[in-house]
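Please open the structure in your viewer and set the display so that helices, strands and side chains can be selected in turn. The tour below moves from one selection to the next and says what is to be found at each.

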Amino acid sequence: MDHTRVPILEALRRYHERGELAFTPPGHKQARGADPEARELLSDVFSSDVLASGGLDDRRMTGDVLVRAEELMADAVHAEHTFFTTCGSSLSVKAAMLAVAGPHEQLVVGRDAHKSVVSGLILAGIEPVWVDPQWDERQRFAHAPSPQAFAEALDRHPEARGALVTSPTPYGGCADLAAIAEVCHARGLPLIVDEAWGAHLPFHPDLPSWAMDAGADVCVTSIHKMGSGFEQGSVFHLQGSLIDPTSLKSRADLLGTTSPSVLIFAGLDAWRRQMALRGKDLLDDALHLAGQVRAGVEEIPGLEVLGCDDLVGPGLSADYDPLPVTIDVSGLGTSGYRAADWLRAEHHIDMHLSDHRRISAQLTFADSPDTTRPLLQALRDLAGHADELAAGLPHPEVPTGEAMRLEQVRLPRDAYFGPKESVPLEQAAGRISAEMITPYPPGIPAVLPGERLTEPVLRYLRTGLESGMNLPDADDPELRTVSVCR
């Protein structure tokens, strides 16, 4: 296929050249009706914010603008079918789940799944069969579940309709996708991969294998994370015969907006061309730069970069992506929460992830020495203020992996929608949660609806909150109370 073509951008250019006069949404009418200050700041954005159907294409979409863009994307990444969405991978992963399992059917899911997966379970009424991640006692975080763990779960639950695994993790660790796909396919079942952080993986041989090449049936990818698309730009890819493409498209249509953003579509289309034509060279530069940044951070006293030795091996990940530069700041006597806040306040540098002992800098091919030089300077300054950052620091009590796991005693849907009440945090242990409580980022829930609450997990959340943890989806963000099943 001709990857110099960009059907959506080309159609948008023709729209402007024709001087289309729209008596349709959006109501700002290419900025003419927008707030003056918004028009001044966002004039280029407004001018290209047009209808997809009856604007970019005719009302019956006979120009196949979107279809041709999706076909080019599929070809670029070796998939059989690709679907664009403008509601983020949170929608894409739900659509994939609903194409595999329905209400009261079972889906085998790694318990390190993002909150969007849990939302899919709630909305669809799917019964999760949880697979425990591999707990790293030294680092105190989770790696993706092993292929053996998936095999054992599927053997215990032969009625399960398929499996879902998250890879890469927010820390850059990657699952053994080929082996997990083999486990599923030996039983005639599909594998969904939530590869939101892996949009770049198909385009460089030195990066971990991506889901389609590893044999997955559906792969969900956020182009806005490691690619150059707009926020909410997501695609999901399909191959094989275990999932019907018409059903998958229907599930996405069930959840998605009827007013998709042409701006987001255009970003997806342009990113595909960029990567198909220049992806390897761009990622060559990014990987080289990441190596320099990692070496530079290692020279700073008190900071440690997580690399292959920390992330890959027996009981850990099968591979890792070096572009998320995850930095352990515990050697400074401080937490990732406090370090991230200090870097933003003092140097106007925003870190991607922060937890009780780490921060992470997400590098892409958009970075250069002009962006990484200030990052390294700020990290050196951070180390120079270690005493100040450690003073009066409360420490979260992080349980072991086994103590972190809660027992699922009700379907997430039943617990979420059923009768509930709020109880003081001190009285919540032993009760069944009716809400999701998620440290964010990375967005992996510590508590799900239908799980029985325990004192170690409640203590972790309470002490984490006191240390700077963000719990944006808790019914009570201050965690004075917890919603439980009545």
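For the first stop, take an axis to be a line fitted to C-alpha atoms, for helices over the stretch in contact, with angles that run from 0 to 180 degrees between N-to-C directions. The model on the screen is a predicted one.

**Helices α11 and α14**

Select helix α11, residues 262-298, together with helix α14, residues 369-384, whose axes come within 10 Å and cross at roughly 15°. Because angles under 35 degrees count as roughly parallel, α11 is roughly parallel to α14. The crossing of α11 and α14 is right-handed. Now show the side chains in the contact, where α11 contributes Leu289, Val293, Gly296 and Val297, while α14 contributes Pro369, Thr372, Leu375, Leu376 and Leu379. Coloured by class, the contact of α11 with α14 displays 7 nonpolar and 2 polar residues, and no charged ones.

**Helix α4 with its partners α10 and α5**

Move next to helix α4, residues 88-100, and add helix α10, residues 245-255; the two pack at an angle of about 130°, and their axes are 8 Å apart. At that angle α4 and α10 are oblique to each other, and α4 passes α10 in a right-handed crossing. On the α4 side the contact is made by Leu91, Lys94, Ala95, Ala96, Leu98 and Ala99, and on the α10 side by Leu248, Arg251, Ala252, Leu254 and Leu255. The residues of this contact of α4 with α10 comprise 9 nonpolar and 2 charged, with no polar ones.

Keep α4 selected and exchange α10 for helix α5, residues 115-124, which packs with α4 at an angle of about 45°, the axes being 9 Å apart. The pair α4 and α5 is likewise described as oblique, and α4 passes α5 in a right-handed crossing. Here Ser90, Val93, Lys94, Met97 and Leu98 of α4 meet Ser116, Val117, Ser119, Gly120, Leu121, Leu123 and Ala124 of α5. By class, the contact of α4 with α5 divides into 7 nonpolar, 4 polar and 1 charged. While α4 is still on display, pick out Lys94 and Leu98, which are listed in the contact with α10 and also in the contact with α5.

**The buried residues of helix α6**

Now select helix α6, residues 147-156, and highlight its buried residues, which are Pro147, Ala149, Phe150, Ala151, Ala153 and Leu154. To see what covers the buried residues of α6, add to the selection the strands β2 (106-110), β3 (127-131) and β6 (163-166) and the helix α7 (177-185), which are included in that cover.

**A loop arginine, Arg357**

Go on to Arg357, which is placed in the loop between β14 (353-354) and β15 (358-362). Is this loop residue Arg357 buried or exposed? Its relative accessible area is 16%, and since buried means under 20%, Arg357 counts as buried. Leaving aside residues up to four places away in sequence, Arg357 touches Arg138, Gln139, Ile327, Asp328, Val329, Ser330 and Gly336, so display these as a group around the arginine.

**Salt bridges**

For the last part, turn to the salt bridges, of which the structure holds 21. Begin with Arg431 and Glu421, whose side chains meet at 2.7 Å, N to O. This pair links distant parts of the chain, with Arg431 in the loop between β16 (420-424) and α18 (455-467) and Glu421 in strand β16, 10 residues apart. Arg431 is partly exposed at a relative accessible area of 25%, and Glu421 is partly exposed at 30%.

Then select Glu455 and Arg459, whose side chains form a salt bridge at 3.5 Å, N to O. Both residues, Glu455 and Arg459, lie in helix α18, 4 residues apart, which is about one turn of the helix. Glu455 is partly exposed, with a relative accessible area of 33%, and Arg459 is partly exposed as well, with 27%.

Select Asp476 and Arg480 after that, a salt bridge whose side chains meet at 3.8 Å, N to O. Within this pair, Asp476 counts as buried at 9% relative accessibility, whereas Arg480 counts as exposed at 58%. To finish, select Arg111, Asp132, Arg405 and Glu451, which are joined into one network by salt bridges that share partners.

Definitions and conventions: Residues are numbered from 1 along each chain as its sequence is written. This is a predicted model: local features need pLDDT of at least 70, side-chain atom pairs count only at pLDDT 80 or more; totals for chains, interfaces and linings use all residues. Side-chain values use heavy atoms; hydrogens and water are left out. Buried means under 20% relative accessible area, exposed over 50%, partly exposed in between (1.4 Å probe, protein chains only). Contact means heavy atoms within 4.5 Å. Angles under 35 degrees count as roughly parallel, over 145 as roughly antiparallel, 65 to 115 as roughly perpendicular and the rest as oblique. A crossing is left-handed if the near helix is turned anticlockwise from the far one by less than a right angle, and right-handed if clockwise. Ala, Val, Leu, Ile, Met, Phe, Trp, Tyr, Cys and Pro count as nonpolar, Asp, Glu, Lys and Arg as charged, and the others, Gly among them, as polar. A salt bridge is a side-chain nitrogen of Lys or Arg within 4 Å of a carboxyl oxygen of Asp or Glu.
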